[in-house]
Amino acid sequence: MTPIVPVYSIAKTYTAIAACMTFDLDGRIGQHVPALHPNLATLTVRDLLMHRSGLNDYSGWSDYHANVSARADPWPVEDILARAHTGDPGQFRYSNIGYLLLRLALENVHDDTFFGTLDRLVLSPLGVEAFPFSTRDDWSLCTHPSISDELRNYHPGWVYTGTFAARVDDAARGIALIMQGQLGSAHAAAMRETLPVDAPGHPFDTAGYGLGLMTSGMPPTVVGHGGGGPGFSLFAACSAQGERWHGAVSDSEDAGFRIIQECVDAVRVSSA
């Protein structure tokens, strides 16, 4: 069994199913997050989940990366939202700011923390053992042998989308259970709906992105999500109907495509 690590953006799939269980996907995010700038308030939940809102992404900000590398404390959420801007909607444009808005909406509607909301709606019902990962103290819950004192100085608050710590194989199993319809067959079907994305060199065939899911094939045959941040690269994949799953983690932050290929191969080989 793999060690407990921050799953980083793999949490987006769990955010997506929680959003499906909570919101009208074609409703506006401003209905659930008060005092947003009008350009943000009118964005739909569906477009945010699919990264098709036109929003920019803080991962492109040099000062963001400089502060993360310096192990500084995260900025207030308001500072992130003040720098958010929208372009033309409809085209795929990966945006962590979009998932920050979804996180805020879930916290507001459920009157709970991000982890508390996911745990009650998704993680505990699926039997996924997970732990909060929002403060430096939460590194104590992680068990990977490569975690150093320097890495423990990284503040998880820089993951504005929200995340949690878990074993990546268990996170993959949870996604498979979602795809099996354990939290509702209509939600699973909606999450499999996908649109193609331009991803040169990606191990997925005809890569796409649905509601919080990276997808391979049209219609999808393999789905999942990656995660990457200080210390780790991860991927969790399963067959589109959830019969098979595989998760992989590397302590190299540059292992993205390699571990995606490992997961895709494992899911496909096990179906032979």
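1. Aromatic cluster. Rings of Phe, Tyr and Trp, the last represented by its six-membered ring, pair if their centres lie within 6.5 Å; planes under 30 degrees apart count as stacked, over 60 as edge-to-face and the rest as tilted. In this predicted model, local features need pLDDT of at least 70 and side-chain atom pairs count only at pLDDT 80 or more, while totals for chains, interfaces and linings use all residues. Residues are numbered from 1 along each chain as its sequence is written, and side-chain values use heavy atoms, with hydrogens and water left out. Ring pairs join Y58, W61, Y64, W75, W158 and Y160 into a cluster.

2. Charges over rings. A charge sits over a ring if NZ of Lys or CZ of Arg is within 6 Å of the ring centre and within 35 degrees of the ring normal. R83 lies over the face of W61, at 3.9 Å from the ring centre; W61 is also one of the cluster residues. Elsewhere, the charged end of K12 sits over the ring of Y99, 5.5 Å from its centre.

3. The pair F133 and W139. The structure holds 12 aromatic pairs. The ring centres of F133 and W139 are 4.9 Å apart and the planes stand at 85 degrees, so this pair is edge-to-face. For accessibility, buried means under 20% relative accessible area, exposed over 50%, and partly exposed in between (1.4 Å probe, protein chains only). F133 is buried, with a relative accessible area of 2%, and W139 counts as buried at 0%.

4. The largest pocket. Pockets are found on a 1 Å grid over the protein atoms alone: a cavity is a set of points where a 1.4 Å probe fits but cannot get out, a pocket is an open set with protein on both sides within 12 Å along at least five of seven lines, and lining residues have an atom within 4 Å of a point. Grid points are joined across faces, edges and corners, and a volume is the space filled by probe spheres set on the points. The largest pocket has a volume of about 980 Å³. It is lined by 41 residues, of which S9, Y94, G226, G227 and G228 lie nearest its centre. Helices (H or I, at least four residues) and strands (E, at least two) are DSSP runs, numbered from the N terminus. The elements that give two or more residues to this lining are α4 (62–69), β5 (207–209), β7 (222–229), β8 (232–239) and α10 (256–269). The most comes from β7, with 5 residues.

5. Lining classes. Ala, Val, Leu, Ile, Met, Phe, Trp, Tyr, Cys and Pro count as nonpolar, Asp, Glu, Lys and Arg as charged, and the others, Gly among them, as polar. The lining of the largest pocket divides into 22 nonpolar, 15 polar and 4 charged residues.

6. The second largest pocket. This pocket has a volume of about 230 Å³. Of the 18 residues that line it, R103, F114, F133, S134 and G162 are the closest to its centre. Two or more lining residues come from each of α6 (96–110) and α7 (114–126). By class, the lining has 11 nonpolar, 5 polar and 2 charged residues. F133 thus appears here as well as in the edge-to-face pair with W139.

7. The six-stranded sheet. Two strands pair if DSSP finds at least two bridges between them. An open sheet of 6 strands has the order β4-β5-β6-β7-β8-β9, with antiparallel pairing. Its edge strands are β4 (195–196) and β9 (245–250), each of which pairs on one side only. At the β4 edge, 2 bridges connect β4 to β5, and P196 stands opposite G208 in β5.

8. Strand β8 and its hairpins. All 8 of the 8 residues of β8 are buried. Strands β7 and β8 pair over 8 bridges in the antiparallel sense, with G226 opposite F235 in β8. Their hairpin has 2 residues between the strands, and G231 takes a positive phi near 100 degrees. On the β9 side, 6 bridges join β8 to β9, again antiparallel, and L234 stands opposite V249 in β9. The hairpin of β8 and β9 has 5 residues between the strands; G242 in the turn has a positive phi of about 85 degrees.

9. Strands β1, β2 and β3. Strand β1 (residues 4–6) is joined to strand β3 (residues 164–167) by 3 bridges, and the two run antiparallel. Strand β2 (residues 130–132) also pairs with β3 in the antiparallel sense, over 3 bridges. A166 in β3 stands opposite V5 and is the bridge partner of A130. A165 has its place in β3 and is buried, with a relative accessible area of 0%.
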